[in-house]
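Student: Could you show me how to read salt bridges in a protein model?
Tutor: Happily! Let's look at some together.

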Amino acid sequence: LSAAPSSVFVGGAEGGKAGFPVGKKPYIKEGPNSIQFGFRLQVRYQAFLHSDDAVGTLSDAGNPVSGAAPRDRSGFEIERALFSLDGTLFCPDITYNLELNFDADAGSGVEKRYAFIDWKYADNHHVRAGGDKVAYSGEFLHSSGSLAFVDRTIVGKAFDLAFDVGLGLWGTFGPCDCPKSFMYKVQALTGEGNFNRGSVFNTDAFDTYSDQLLFAGMLEWTPTCEAWGMDMVDHRACDKRCELQLAIGVAAYHENADDAKRDQWGGLRLGDRDDRADRTGFNAWVRGRWNGLAWLGEYYLRKIEYTRSGSGGPSTAPEQVDSGAALTVHYRFADSNWGVGARYGIIWLDDDHLSVTSGPQGNQTTVALEDTITELGFAVSYYFHDHKNKVTADVLWVNDNSGVNSTSAGYMNGASRGVLVEDGVMLRIEWQLAF
């Protein structure tokens, strides 16, 4: 070629433009309409090496308790393969977002996550309808691509409510000299999880899904005034690192559920899965960044009131109240691509639900459980570009995990999965590419 090839954009009378800036999403824009294409790929190797304190089950009928620890497990995995479309339509105040996940956990299907329409109806206030994150858990409100570790804490995975479908109001407000010092969000949701679980309205008339809504809300205050995104790494330029960024948040939810579905109640085991139950949760967090140091401290409380047994009579199961706390800190070295992190988490289990029984009729074993689940971890990351393009390795010491399941983070629990008590060391290394 005698000259380098160039791209030509053909637009309407108002003109248009398209581009693919370094580290940003490719986009097309003409007038008030725009579309951006997002992509994130996480390729992970992970291994869990069980200690002698772990308790396993056999694959025989009824999953009898094994006399040995569960088998160690390891392997490569496509943990997230996200594709998203977002942009504006008709005017800058109407936005949309669709995000699909083609990861290994979705099998041959697709996990549908975000799918919402958002209207900025006044100043900094919005109404949003569709699939969205539940306004609960400061850690989960962070993108999984903006964490200091390979994935979320065992405490966060025990209590967060992930995605759901419904209607929400959100926005920011504050005094004249700090108009975005407060951020709020209130939601009315189906309470059945994200929309790949099926239609709540059209599935059947057998009480498969509850006709009660899940109500959730959060409020975050930024005393340092400047609004800043949720990111667990301080990747600001050196001349900005000395500025303190601080935010304090609270959140809560409640649902008077009258069905037996528990698809999106957090990853922590329920004491009685056959009973109808009401659920209430409270959450508070503090996050900040200063001089390369970033931190997130968080507390959770969950209350389950069992109201009706599976046979239709009043429930005799005791109330279940669990709580947990976690702290994650990370330091990004100045003028360097390296960062290191540490975290600790603990879950306090309800004293009335400290046993689990497994095995077929005539060969059942009841295992007494510890009243706490703990996790200690360390991480190191190398950042290629901003925060979301990186390689991260971490090591986690998980003790007495008798109830937390998470396919994304890698925690495993359940008689049918071969693990009653997960205890040992988890090793993970992940390469993430995103725009």
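Student: Which residue forms a salt bridge with Glu319?
Tutor: The general idea is that side chains of opposite charge can pair when their charged atoms come close. A salt bridge here is a side-chain nitrogen of Lys or Arg within 4 Å of a carboxyl oxygen of Asp or Glu. Glu319 pairs in this way with Lys303, with 3.7 Å between the closest N and O atoms. Glu319 sits in the loop between strand 14 (293-308) and strand 15 (320-332), while Lys303 is in strand 14, so the pair links parts of the chain 16 residues apart. Strands are DSSP runs (E, at least two residues), numbered from the N terminus.

Student: What should I know about the model and its numbering?
Tutor: This is a predicted model, where local features need pLDDT of at least 70 and side-chain atom pairs count only at pLDDT 80 or more, while totals for chains, interfaces and linings use all residues. Residues are numbered from 1 along each chain as its sequence is written, and side-chain values use heavy atoms, leaving out hydrogens and water.

Student: Are Arg128 and Asp118 buried or exposed?
Tutor: Both are buried, meaning under 20% relative accessible area (exposed is over 50%, partly exposed in between; 1.4 Å probe, protein chains only). Their side chains meet in a salt bridge of 2.8 Å, N to O. By contrast, Glu319 is partly exposed at 37%, and Lys303 is partly exposed at 31%.

Student: How many salt bridges does the structure hold?
Tutor: There are 18. Arg44, Arg80, Asp151 and Glu430 are joined into one network by salt bridges that share partners.

Note on methods:
Helices (H or I, at least four residues) and strands (E, at least two) are DSSP runs, numbered from the N terminus.
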